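Subject: Structure handover and notes

Dear colleague,

I am passing on the structure that we talked about, and my notes on it follow below. Please keep the structure open beside the text while you read.

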Amino acid sequence: MFSLSGATKFKYIPNYRDMRGGYDKLRGVVCTLDGSMEEGTAYVFTSRNQKLVKIIRHEHNECQLYMQKYDHGMSFVRLEFDGTKPIYVLEWKYLTALLSCSVIKKIDSIEVKYGKDAGNGIFRC
């Protein structure tokens, strides 16, 4: 069963942006960068535009893939680290912030009518 908690070790792969692949492709990336996947460790990937997060994990002979996606001008918080390592250990509090705190990427303009066109003081979007 797939579960994420503070007891899970998380590693973030910051510079891999090709999110078209599934579990096997992402596992290959982890094995290339880290040698092999650590049992129970979850590996976190984000897309270039920060709209998609994929997390993979291998535990007790289970291959797990978690995906969360935003649309309509929203995105995930961009994680930034000092240095240029290929993999960073990610604390639980930062993962929960990444998955639960959205960022507005675009604000649509609102047309405001004044005077006779105001329509009883209602703003028109």
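A good place to begin is helix H1, whose buried residues pack against the strands S2, S3 and S4, the last of these covering 62-69. Please bear in mind throughout that this is a predicted model.

The buried residues of H1 are Tyr23, Leu26, Val29 and Val30. When you look down the axis of H1, these buried residues fall within an arc of 125°, so they line one face of the helix. The face turned away from that buried side carries Asp24 and Thr32, which are exposed. You can also check the length of the helix for yourself: at 1.5 Å a residue, the 12 residues of H1 should span 16 Å, and its end C-alpha atoms are indeed 16 Å apart, so the two values agree. Just after H1 comes Gly35, which takes a positive phi of about 90°.

The next element to look at is strand S2, residues 42-46. How many of the residues of S2 are buried? The count is 5 of the 5, and therefore S2 is largely enclosed by the rest of the structure. In a regular strand the side chains alternate between the two faces of the sheet. In S2, Ala42, Val44 and Thr46 point one way while Tyr43 and Phe45 point the other way, and all of them are buried.

Strand S2 has partners on which it is worth spending some time. Strand S1, residues 10-13, pairs with S2 in the parallel sense over 4 bridges, and within this pairing Ile13 has Phe45 of S2 as its bridge partner. To get from S1 to S2 the chain passes through helix H1, residues 23-34, and this β-α-β crossover is right-handed. With strand S3, residues 52-59, S2 pairs in the antiparallel sense over 5 bridges, and here Tyr43 stands opposite Ile56 in S3.

The hairpin of S2 and S3 has 5 residues between the strands, and two residues of this loop deserve a closer look. Ser47 is found in the loop between S2 and S3, and Ser47 is buried, with a relative accessible area of 8%. If its neighbours within four places in sequence are left aside, Ser47 is in contact with Arg17, Met19 and Leu52. Gln50 is found in the loop between S2 and S3 as well, and its phi is near 65°, a positive value in a residue other than glycine. Is Gln50 buried or exposed? At 2% relative accessibility, Gln50 counts as buried, since the cut-off for that word is under 20%.

His60 makes a useful comparison, because its relative accessibility is 62% and His60 therefore counts as exposed. The place of His60 is in the loop between S3 and S4, and its phi, near 50°, is again a positive value in a residue other than glycine.

Leu52, which was named above as a contact of Ser47, lies in strand S3 and is buried, with a relative accessible area of 13%. Its contacts, leaving aside neighbours within four places in sequence, are Met19, Phe45, Thr46, Ser47, Met67, Gln68, Lys69 and Phe76. As for Phe76, this residue is 24 residues from Leu52 along the chain, yet the C-alpha atoms of the two are separated by 7.6 Å.

On cysteines, the structure holds 0 disulfides. Cys31 is partly exposed, with a relative accessible area of 26%, whereas Cys63 counts as exposed at 53% relative accessibility.

Finally, here is the protein as a whole. Its secondary structure comes to 2 helices and 7 strands, and read along the sequence these follow the pattern β-α-β-β-β-β-β-α-β. Of the 125 residues in the protein, buried residues make up 35%. Among contacts between residues at least 6 apart in sequence, 57% join residues at least 24 apart.

With best wishes

Notes. Residues numbered from 1 in each chain as written. Predicted model: local features only at pLDDT ≥ 70, side-chain atom pairs only at ≥ 80, totals over all residues. Heavy atoms only, no water. Buried < 20%, exposed > 50% of the residue type's maximum accessible area, 1.4 Å probe, protein only. Pairing = 2+ DSSP bridges. Right-handed = clockwise from strand over helix to strand, strands pointing away. Expected span 1.5 Å × (residues − 1). Arc of directions from axis to C-beta. Contact = heavy atoms within 4.5 Å. Disulfide = S-S within 2.5 Å.
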